[in-house]
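Thanks for sending this one over. Below are a few friendly notes to read with the coordinates open beside you.

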Amino acid sequence: MAAFVPPNERRVHSPHLPLGDHREAPFYGKDIISVSQFTRDDLEYIFGVAKEMRAMVERVGTFDLLKGKILANLFYEPSTRTSSSFLSAMERLGGSVIPISEVTYSSVAKGESLPDTIRTLECYADVIVIRHPEVGSAKLAAEYARKPIINGGDGIGEHPTQALLDLFTIEEELGRVDGLTVTMLGDLKYGRTVHSLARLLSLFVVRLNYVSPDILHMPADLIEELAAKGVSQKEYTNLDPVLAETDVLYVTRVQKERFEDLNDYEKAKGAFLISPETLQEAKEEMIVMHPLPRVGEISLELDSDPRAAYFRQMEYGLYVRMALLAMVLGKA
Ligand code: NCD
């Protein structure tokens with residue numbers, strides 16, 4: 001945190017705003033760093049706004065809620081969905097975007113520090129989405145920024161906007177979250193999407209199954225954190241024992257870029273392949289999700305199965321990100 005300027009005084013949402021303003025726009029000026037900041041009421045609110053966004057996109061496509069507002073999309077790691085859905089979200093709301101996805105061509109390549117880059121971009125933009133390989137990078141950025149920071153993935157840490165869209169997908173597809181059995185499969189050690197989603201699901205009454213190769217277990221501290229909240233969690237190395245009870249099968253790719261020893265990656269990759277045959281024993285009313293990209297863990301033949309929800313999941317992401325941008329900019 002910048003010692004010379006108390007962050008609260010630098011925030012766009014001044015604590016001195018009249019109470020009514022906070023009630024009308026509860027997320028105005030806030031950062032989105034971790035799913036731990038959300039309550040169930042918050043989720044209901046966000047998803048309510050996301051549904052309004054969907055209705056508006058279906059009716060008119062693009063509208064001017066954020067006309068004149070600028071988003072800086074700062075990506076230090078590769079991205080297709082997160083960066084382009086934030087870009088699309090901003091443009092559908094009438095705003096514009098500064099895309100910085102090749103940091104090799106920006107001053108970062110000259111050795112500029114993250115705080116300096118953030119302080120620069122916030123002169124030009126009203127909100128910043130950041131994806132960065134280090135855990136805690138979005139939090140660090142938020143400590144320096146006067147403008148809202150949205151975490152688009154901080155290393156193996158969190159990916160809160162993905163977890164929000166994942167939860168929205170589950171609610172929209174299955175009509176509820178309480179009472180469901182969610183099975184997470186794949187790279188649970190390095191996959192930030194499952195870290196955020198498991199935390200977010202701990203607000204509900206769910207059963208979590210973790211299926212992973214031995215070397216890619218869900219981190220022990222996260223399991224402890226959720227156990228302390230009373231969440232039922234079980235670990236497996238094989239999908240068979242839990243497939244039949246599963247309502248949501250959340251598949252992830254093995255995160256090659258996070259391995260120190262590529263021999264370990266070679267051993268773990270290809271551990272699972274979800275295909276139409278795999279789902280023979282699964283419920284009729286269940287869904288298969290994946291944050292994408294997939295690199296061989298779900299066969300293309302599964303795409304035509306109505307339970308394959310991963311492409312619909314991407315579309316839900318647009319509405320959730322539109323909602324988040326409108327909310328932090330005080331327009332929802
Ligand atoms: C995920 C990510 O970046 O963590 N992708 C995404 O945002 N949809 C998942 C992944 O890269 O495997």
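**Notes on a strand and a helix**

1. This is a predicted model, and a good place to begin is the right-handed β-α-β unit made by β5, helix α8 (residues 192-201) and β6. The chain then goes on from β6 through helix α9 (residues 220-228) to β7, again as a right-handed β-α-β crossover.

2. The strand pairing fits around β6. Strand β5 (residues 181-185) runs parallel to β6, with 5 bridges between them, and T181 has R207 as its bridge partner in β6. Towards strand β7 (residues 232-236), β6 also pairs in the parallel sense over 5 bridges; here R207 stands opposite S232.

3. How enclosed is strand β6 (residues 207-211)? Of its 5 residues, 4 are buried, so the rest of the structure largely encloses β6.

4. Now to helix α3 (residues 40-60), where a quick geometry check works out nicely. With 21 residues at 1.5 Å a residue, α3 should span 30 Å, and its end C-alpha atoms are indeed 30 Å apart. After α3 comes G61, which has a positive phi near 80°.

5. Which residues of α3 are buried? They are D42, L43, I46, F47, V49, A50, M53, R54 and V57. Their arc around the axis is only 160°, which means that they lie on the same side of α3. In general, an α-helix has 3.6 residues a turn, so residues three or four places apart point the same way.

6. The cover over the buried residues of α3 includes α4 (81-92), α7 (160-174), α8 and α12 (310-328). On the face turned away from that buried side, α3 carries the exposed residues D41, E44, E52 and R59.

Key: Residues are numbered from 1 along each chain as its sequence is written. This is a predicted model: local features need pLDDT of at least 70, side-chain atom pairs count only at pLDDT 80 or more; totals for chains, interfaces and linings use all residues. Side-chain values use heavy atoms; hydrogens and water are left out. Buried means under 20% relative accessible area, exposed over 50%, partly exposed in between (1.4 Å probe, protein chains only). Helices (H or I, at least four residues) and strands (E, at least two) are DSSP runs, numbered from the N terminus. Two strands pair if DSSP finds at least two bridges between them. A crossover is right-handed if, with the strands pointing away from the viewer, the path from the first strand over the helix to the second runs clockwise. The expected span of a helix is 1.5 Å times one less than its number of residues. The arc is that of the directions from the helix axis to the C-beta atoms. Contact means heavy atoms within 4.5 Å.
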